Amino acid sequence: MNKYTIGIDYGSLSGRTVLVRCDTGEVVAESTLEYPHAVMDTALPDGTPLGQDWALQDPQDYLDVLYTTIPAVLKESGVDSADIIGVGTDFTACTVLPVKADGTPLCFLPQFRSTPNAYVKLWKHHAAEKYANRLTEIARRRGEAFLDRYGGKISSEWEIPKTWQILDESPEVYEAADHIVEGGDWIVWQLTGVLGKNTCAAGYKGTWNAKDGYPSEEFFKALDPRLANYVSEKMNFPIAPLGKAVGGVTEEMAARTGLKAGTPVSSSIIDAHVAMPSAGITGPGQLLAIMGTSTCDILLSEEERFVPGICGVVDGGVYPGFYAYEAGQSCVGDHFAWFVDHCCPASYKEDADRQGKNLHVYLTELAEKLRPGESGLVALDWWNGNRSVLADYDLTGLLVGMTLSTRPEEIYRALIEATAYGTRMIVDTFVKNGVPVTKFVATGGISQKNAMAMQIYADVLNMPVYIADGKQGGALGAACFAAAAAGKAAGGYDSITEAAAVMGRQKEQFYRPIPENVAVYETLFQEYSALHDYFGRGGSDVMKHLKAMRTKLRG
């Protein structure tokens with residue numbers, strides 16, 4: 001009798017669920033729910049305005065994903081719930097929310113419906129930048145050893161800066177919260193009734209370490225005396241190891257979803273890291289780029305090295321026995337969508353409509369006719385700040401070389417090239433600091449949909465680009481972890497690497513560097529590097545000055 005697992009991938013704009021055969025990795029059924037509230041970045045549902053760089057969500061959307069997509073895949077597949085041996089989830093991170101002891105989000109309570117800090121702070125909420133900068137400064141001054149694991153700088157996307165913002169701006173919310181939890185841990189809590197802190201999010205986003213735990217009480221007190229008891233008061237729940245069952249599906253959730261009560265639910269994992277098993281990666285040296293609205297890069301190594309500007313290195317952060325490094329770019333798919341939504345002429349949209357094409361497809365077809373360097377443009381990919389290797393969200397975008405003859409497709413291609421240069425910067429930084437990158441594997445929507453972009457990446461990196469096989473890499477990875485949590489005796493696997501070897505895969509076809517393109521892109525990358533260092537390493541702070549002016553004038 002075939003056995004199956006369910007994987008649920010919580011992204012920035014939707015939740016995607018797949019039902020997967022354990023013995024083959026075949027996706028038997030899938031279902032997606034677009035979040036009804038999407039990303040709230042200008043106002044709350046009641047009209048309460050938000051400041052610059054806010055990005056909030058409503059956790060009811062996360063519950064609706066369970067209530068909608070799980071019954072949908074069960075119905076589509078016809079699989080008996082008794083043959084589903086496990087459920088796995090992954091989640092964008094760091095996505096945090098303040099909750100009561102019973103799991104009720106504070107934003108569900110009438111007294112907090114109009115309080116922005118009571119809502120979910122999505123990963124790309126960057127309004128905590130000043131807290132991240134202060135945290136980094138204090139940690140550096142105190143000589144805190146944990147800082148080296150995060151490339152020397154803490155990101156505004158992470159847990160402590162976001163929590164500090166809650167405390168500083170809305171102390172009543174902080175006081176009312178019994179816990180500050182990751183979205184991934186919260187959704188597992190809703191499924192099982194058991195709260196745990198997954199080691200992936202704890203390590204990469206919460207500054208937790210398996211050897212040392214969280215930073216000391218003295219450190220938190222140095223940040224703000226009101227944070228002195230943060231760990232003991234708000235994080236007072238156990239660590240949940242990856243690939244292990246946190247608990248079983250509750251009777252209530254079984255009734256809402258159609259799952260069998262008691263079905264094991266694995267510890268959640270960050271949505272980028274979870275894609276590694278679905279891509280069939282089981283060992284060191286293979287960098288996985290998860291390309292979507294942003295890009296997250298994951299790389300395994302047998303050694304721990306301190307690499308400047310990376311997002312973190314965690315022992316066992318994805319697989320036991322390996323150090324897992326994380327880096328990434330804050331603006332990739334968002335980069336291209338911004339241009340299409342706000343800068344593309346109406347005539348292009350009309351022509352695309354006449355041809356029955358998506359505007360991205362239309363622009364790509366025009367852009368791929370251009371030779372590397374033909375546009376005369378170079379861009380910096382910082383429309384949403386820089387995640388790696390500068391870790392500075394006050395940086396902004398730049399486009400150099402425009403003339404009156406510049407065409408939209410030239411800009412579109414230049415923006416794609418900029419993201420490839422940003423990836424090259426990350427790869428080069430790893431290699432220079434003793435962490436080998438022997439293979440580049442891409443997954444996510446862009447890798448599946450845009451062949452031109454993948455060829456550009458191969459040419460800029462001067463490395464073959466391999467593509468993970470399957471469009472729902474995150475959800476499939478979550479299903480792999482569910483199979484590991486279920487165990488071999490139940491029809492799953494005894495380790496996540498065993499599950500990855502069978503259930504994950506890469507496409508046979510790959511993108512090979514084109515020598516003449518490589519030569520041109522090497523020259524362009526040197527120009528990108530010069531701009532990168534000038535605007536990103538102190539040559540000019542004009543970007544920050546302009547952003548500060550904009551913030552002041554907009555109130």
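## Overall architecture

What percentage of the 555 residues of the protein chain count as buried? In this predicted model, the share is 60%. The chain is built from 20 helices and 22 strands. Its C-alpha trace extends over about 65 × 55 × 50 Å along the principal axes. The radius of gyration is 23 Å, which agrees with the value near 24 Å that a compact globule of 555 residues would have.

Contacts also link parts of the sequence that lie far from one another: among those between residues at least 6 apart in sequence, 73% join residues at least 24 apart.

## Surface and charge

The accessible surface of the protein chain amounts to about 20800 Å². Carbon and sulfur atoms contribute 50% of this area. The chain carries 49 positive and 68 negative charges, and the mean positions of these two sets are 2 Å apart.

## Cysteines and the cis bond at Cys94

The structure holds zero disulfides. Cys94 takes part in none, and the nearest cysteine sulfur, that of Cys200, is 11 Å away. Because its relative accessibility is 0%, Cys94 counts as buried. Cys331 is likewise in no disulfide; here the nearest cysteine sulfur belongs to Cys343, at 12 Å. Cys331 counts as buried because its relative accessibility is 2%, under the 20% limit that defines the class.

Cys94 also has a feature of the backbone. Its place is in the loop between strand S5 (84-91) and S6, and the peptide bond that leads to it from Ala93 is cis, with omega near 10°.

## The loops around Thr48 and Thr115

Thr48 is located in the loop between strand S3 (27-34) and strand S4 (56-57). Apart from neighbours within four places in sequence, it is in contact with Thr42, Ala43, Ser114 and Pro116. The C-alpha atom of Thr48 is 33 Å from that of Leu359, a residue 311 places away along the chain.

Thr115 belongs to the loop between strand S6 (96-99) and strand S7 (120-121). With neighbours within four places in sequence set aside, its contacts are Leu44, Ser170, Glu172 and Val173. Is Thr115 buried or exposed? Its relative accessibility is 15%, so Thr115 counts as buried.

## Helix H3

Helix H3 comprises residues 159-169 and is mostly covered, with nine of its eleven residues buried. Among the buried residues of H3 are the charged-type side chains Glu159 and Lys162. Ile160, Pro161, Thr163, Trp164, Gln165, Ile166 and Leu167 are buried as well.

## Strand S17 and the cis bond at Val389

Ala327 is part of strand S17, which covers residues 323-329. Its relative accessibility is 0%, and therefore Ala327 counts as buried. Which residues does Ala327 contact, leaving aside its neighbours within four places in sequence? They are Thr295, Cys296, Asp297, Cys311, Ser388, Ile426 and Phe430. The C-alpha atoms of Ala327 and Arg149 are separated by 12 Å, although the two residues are 178 apart along the chain.

Ser388, one of the contacts of Ala327, precedes a cis peptide bond: the bond from Ser388 to Val389 has omega near 10°. Val389 lies in the loop between strand S18 (378-380) and strand S19 (398-400).

## Backbone exceptions

Most residues other than glycine have a negative phi, and most peptide bonds are trans. Against that background, Ala38 has a positive phi, near 50°. Ala38 is in the loop between S3 and S4, where Thr48 is also found. With a relative accessibility of 29%, Ala38 counts as partly exposed.

Asn462 is another residue other than glycine with a positive phi, of about 55°. Asn462 occupies the loop between helix H16 (451-461) and strand S21 (465-468). Its relative accessible area is 48%, so Asn462 is partly exposed. The cis bonds described above, from Ala93 to Cys94 and from Ser388 to Val389, are exceptions of the other kind.

Terms used: Residues are numbered from 1 along each chain as its sequence is written. This is a predicted model: local features need pLDDT of at least 70, side-chain atom pairs count only at pLDDT 80 or more; totals for chains, interfaces and linings use all residues. Side-chain values use heavy atoms; hydrogens and water are left out. Helices (H or I, at least four residues) and strands (E, at least two) are DSSP runs, numbered from the N terminus. The radius of gyration is taken over C-alpha atoms; the globule rule is 2.2 Å times the number of residues to the power 0.38. Buried means under 20% relative accessible area, exposed over 50%, partly exposed in between (1.4 Å probe, protein chains only). Contact means heavy atoms within 4.5 Å. Accessible areas come from the Shrake-Rupley method with a 1.4 Å probe; for residues, only the protein chains shown count as cover. The place of a charge is taken as NZ of Lys, CZ of Arg, CG of Asp or CD of Glu. A disulfide is a pair of cysteine sulfur atoms within 2.5 Å.
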